[in-house]
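Work through the following exercises with the structure at hand, and compare each solution with what you find in the coordinates.

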Amino acid sequence: MSSMFDLPTGMDRRHFMSHLAGAAAMAAPAAAFTNTLLANATDLKKRHKAAILLWMGGGPSTMDIWDLKPGAPTGGQFKQISTSADGVAICEHMPMMAKQMHHMSVVRSMSTREADHMRGRYYMHTGYVPNPNVEHPGYGSVVAHELAEQVAGLEIPPFVSVGSGSVGPGFLGMTWAPFVVDSNGNVRNLDMGIDPTRLSQRLEMLATIENKFIGEKRGGSAEDHKKVIDKTVKLMTSKQMEAFKVMKEPKEVLEKYGTTGFGRGCLLARRLVEAGVPFVEVDLGGWDMHADIFPTLADRKLPELDKAMSALVSDLADRGLLDDTAIIWMGEFSRTPNINGGGGRDHWARSWSVVVGGAGFKRGVVVGETSSDGKEVVSEPYSSQDVMASVLKSLGISLETTFTAKNGRPMKIANSGKVIKDLFT
Amino acid sequence: MSPRKQRRWRLFGLLPQAVIWSTAVLWGAAIVSPGARAAQAAEDGHFGIPQVKFINEQITLGWKDSDLKPSDDASDGEWCRRIYLDIIGRIPSIEELQSFVSDSSPTKRPELVDRLLGDDFVDDYARNWTDIWTTVLIGRDVENEMVSRSGMRQYLRRSFSKNIQYDQFMEDLITASGANANRKEAEKFNGAANFLSGKMEENGVQATAKAAQIFLGMQVQCTQCHNHPFNKGKQNQFWEMNAFFRQVRALRRFNGARDIQWIEMVDEDFPGEGGNAEEAELFYELRNGLMKVAYPVFVDGTEISRSGYVPRTLEGGEKIGVNRRQELANLMKASPLMPKAIVNRMWGHFLGYGFTKPIDDLGEHNPPSHPELLDGLAERFREQSFDLKELIRWIVLSRPYALSSKSTKANQRDDPSLGEKPKFSHFYLRQMRAEDLYESLLTATKAAQSRGGEEAAKKKDEWLSQFIIAFGTDEGDDATTFNGSIPQVLMMFNGDLIKQATSTKEGGFLSQVAGGGMKNSAKINTLYQAALARSPSPKEVSAANKMLVERKGDAIGALQDIWWAVLNSNEFIINH
């Protein structure tokens, strides 16, 4: 993949930017982005908060991973093993994560109501149930919106989704939409292949047309279009796009994360966080195991998860990034304690687990408890809102933050969820 | 345009509806003098079509109730661009636009609608609605061993080419049997089989959910596992609906090497989970673990025979059995939900918002913005033999469809993106679909490519695949990044398709414009007409002229830059 800086041949970044600067003198619309470019030549080494959401699309069976019930009729086929965290046991097919559990905490008392994929996906991402009248922003848009300011000169999008695209920005608007890339970090169509003077002439002409249309008051999407164009231009000319080039990592690092899509995605997430991106979502789908769940988990899914997730946690810790980076592992719901006739488990939202760690979270603890068959939460139950409130707190984002939806209605951040106290010291 | 159609709308303006049907056939146009009266019909705003009159009245009532004043009408150019995009999935060519704009007939709008729905555009029409329905029926990203995208498309293309009645269309899809892929080894190819062939796992749970959602506007997927928390949906309703799909099997047909070659949909006896085929029941589990029994019962409570046998005649001549899917199709045809669901879908397609959001949830918990209009249009659609082209005609000739997208002080609060119910007092913006963009670029650049047929469709698929994101669920949920976000803008800036569209190579669109002997102003105007269906403003002319001056000696390069900017504009990509 070539970037803007490979072209035209022989032109280095400094030279390129001077072209842009020259062009910008004629082109007011282009000036805005050129100025940020020039202002941000300094590196972004400053410490900043970030979050990585490991999204398990399809609904993983958490009682086969984080909250085992060996011996119960519902318990399934797996044994549990002890971990680096005192008194925390997890599935035998997660041996590498078992060595990292002192960095993470398990919430075993999730209890939600949405057991349909799309509804659950929306609810767990936003803290709200779907509502035909309002589109709520998801985690990535909320965190990016709150933390974008902390990294002056971030030129790449503050919310990157690796894989399946997450949930949209809702009423926060398209500028906070997830930037979707594949797990190899490929960004398509970055290269225009023309010189900067011409680019800036094109942008000036484009701005003339865009502004005319916006001025005719036809609706918000006309303006959104222009905002996204401004962001795209910034990104096309940014050196920070290097962060996406995950394949430039040393071979041993690539191997540590695993040669799977999810492994690459987790490594990409670390690179992006290092570059200043405040929110990255990495997706691992395929948990919708209505049949043959145990061989599928043991042979395929858990090894892939174990390798990549443990590599990410230990790598962030080794680089001193974990104290500023929250990790959230969850899906839209979990799976029935009862095992069905096909050896699978169906959709279940009443009693399940999520895993968090890093940033301001207390590490190495288990919060909450389910009954011996896994069918009930027997301690205080927690919701999507509560997890979201806790993640925001771990990042130092004020829970007093209130958004204004497009219709003027005030919306409390995280839907007024309450912080899960036992996740904090 | 068929002469019959043309005559009909001219006639409608003159007589009460009942009289038309009894007399028009006998006396034809002899009893009227067309010219002035047709103009009168246009003036009335409904072109003599009673269904259009009904829409206009109902929508106007809504404006009065909400104290809204509608925007002015859209210009001819805007309306023309809109209707090409919405009916045939592409913008008009310069010639098509000019011939409409320069026509001074008061009835040119219904005439253009007739033409777009008529024989001249039948391939374009079928291509567009095939694209739309392929996504509805099997999603954006489905081509696997259970589903043949090209088989699905072959069925849809044929159906829309002959303007299949909608009730027949639904029946074809619900009851399809035969081979899903068109292979020479396979007998009984039936592309309609692809709607259900990939949805039969776990006893057809997906078939149940999608059939109810698409054809009845009912969201039953949650009630698979429990009573719906927010509406009247009950768990038994899901499984009683599911019982209609228990005879159908999706059988894998192999070649020698054990690769699946195609899927054959067949109806077989359903012995029932209790083993009595005369009373073939199924069991489902309540949240508390109890098992309950279900037989085929339609959503309105109508029960059918509980027999699991497919129809046959016994030796003694006694006929037994029932085809459950056929029964379901019959019940759906008679249900008032079926026409409501399609009217709402079509309204949403043309007006940007349906009467409900989402358009496929008509449950009682989700009241429509215009209940009388929805019900009334659904009834009229049934009376009109479920003719989709008639429904389209009514909607696109209505007043709300003709309004400008420019809002005014008197209606700017009518904005469904703020969560309000739509009142349709101005035209709502929406972005082209990726398919519209692709076809529109071919049109705008006069790319000489054949656009019908499976080859063209596969090429387009390849291009579309860059935008698809799958959610990793069994239901095959997906979305598109062609949604106004950065990847879309990058594609519009730099993608191969745009590089082709803005190419300066000999014989291409830009080289024709540059070399056509036109003045600069005419060249710029050509680019604007081709993409935006309007002339440039004075400010835009001077910006473009400035580029031509700066790029002296490279006129085609400057035109290329202007063309790139026009194609990248909000005004181009947004249907307005």
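**Exercise 1.** Determine which residues of helix 5 of chain B meet helix 7 of chain B in this predicted model, and describe how the two helices pack.

*Solution.* Begin with the residues themselves: on the side of helix 5 of chain B they are B:Ile83, B:Ile87 and B:Ile88, and these meet B:Leu112, B:Val113 and B:Leu116 in helix 7 of chain B. Sorted by character, the residues of this contact come to six nonpolar, with no polar and no charged residues. Next, consider the geometry: helix 5, which covers residues 76–88 of chain B, and helix 7, which covers residues 108–116 of chain B, pack at an angle of about 25°, and their axes are 11 Å apart. Because angles under 35 degrees count as roughly parallel, helix 5 of chain B is roughly parallel to helix 7 of chain B. Finally, the crossing of helix 5 and helix 7 of chain B is right-handed.

**Exercise 2.** Work out the strand order of the open three-stranded sheet in chain B, and explain why strand 1 and strand 2 of chain B stand at its edges.

*Solution.* The order of the strands in this sheet of chain B is 1-3-2, with antiparallel pairing. Strand 1 (178–179) and strand 2 (248–254) of chain B each have a single partner strand, so one side of each is left without a neighbour in the sheet, and both stand at the edges. To follow one pairing in detail, take strand 1 of chain B and strand 3 (residues 260–267) of chain B, which run antiparallel and are joined by two bridges. Within this pairing, B:Ala179 has B:Glu264 in strand 3 of chain B as its bridge partner.

**Exercise 3.** Describe the side of chain B that touches chain A, and identify the helix that gives the most to it.

*Solution.* Start from the totals, in which the contact takes 57 residues from chain B and 58 residues from chain A. Several elements of chain B each supply at least two residues to its side, among them strand 9 (468–470), helix 25 (538–550) and helix 26 (555–567). Helix 21 of chain B gives the most, with seven residues. By character, the residues on the chain B side divide into 25 nonpolar, 20 polar and 12 charged.

**Exercise 4.** Set out the secondary structure, burial and contacts of each chain.

*Solution.* Chain A has 11 helices and 14 strands, and 57% of its 425 residues count as buried. For chain B the secondary structure comes to 27 helices and 11 strands, while buried residues make up 46% of its 576 residues. Turning to contacts with a separation of 6 or more, residues 24 or more positions apart account for 74% of them in chain A, and the corresponding share in chain B is 64%.

Notes: Residues are numbered from 1 along each chain as its sequence is written. Chains are lettered from A and ligands numbered from 1 in the order in which they are written. This is a predicted model: local features need pLDDT of at least 70, side-chain atom pairs count only at pLDDT 80 or more; totals for chains, interfaces and linings use all residues. Helices (H or I, at least four residues) and strands (E, at least two) are DSSP runs, numbered from the N terminus. A residue is buried if 20 or more other C-beta atoms lie within 10 Å of its own, exposed if 12 or fewer, and partly exposed in between; C-beta atoms are placed from the backbone. Two residues are in contact if their C-beta atoms, placed from the backbone, lie within 7 Å. Two strands pair if DSSP finds at least two bridges between them. Ala, Val, Leu, Ile, Met, Phe, Trp, Tyr, Cys and Pro count as nonpolar, Asp, Glu, Lys and Arg as charged, and the others, Gly among them, as polar. Axes are lines fitted to C-alpha atoms, for helices over the stretch in contact, and angles run from 0 to 180 degrees between N-to-C directions. Angles under 35 degrees count as roughly parallel, over 145 as roughly antiparallel, 65 to 115 as roughly perpendicular and the rest as oblique. A crossing is left-handed if the near helix is turned anticlockwise from the far one by less than a right angle, and right-handed if clockwise.
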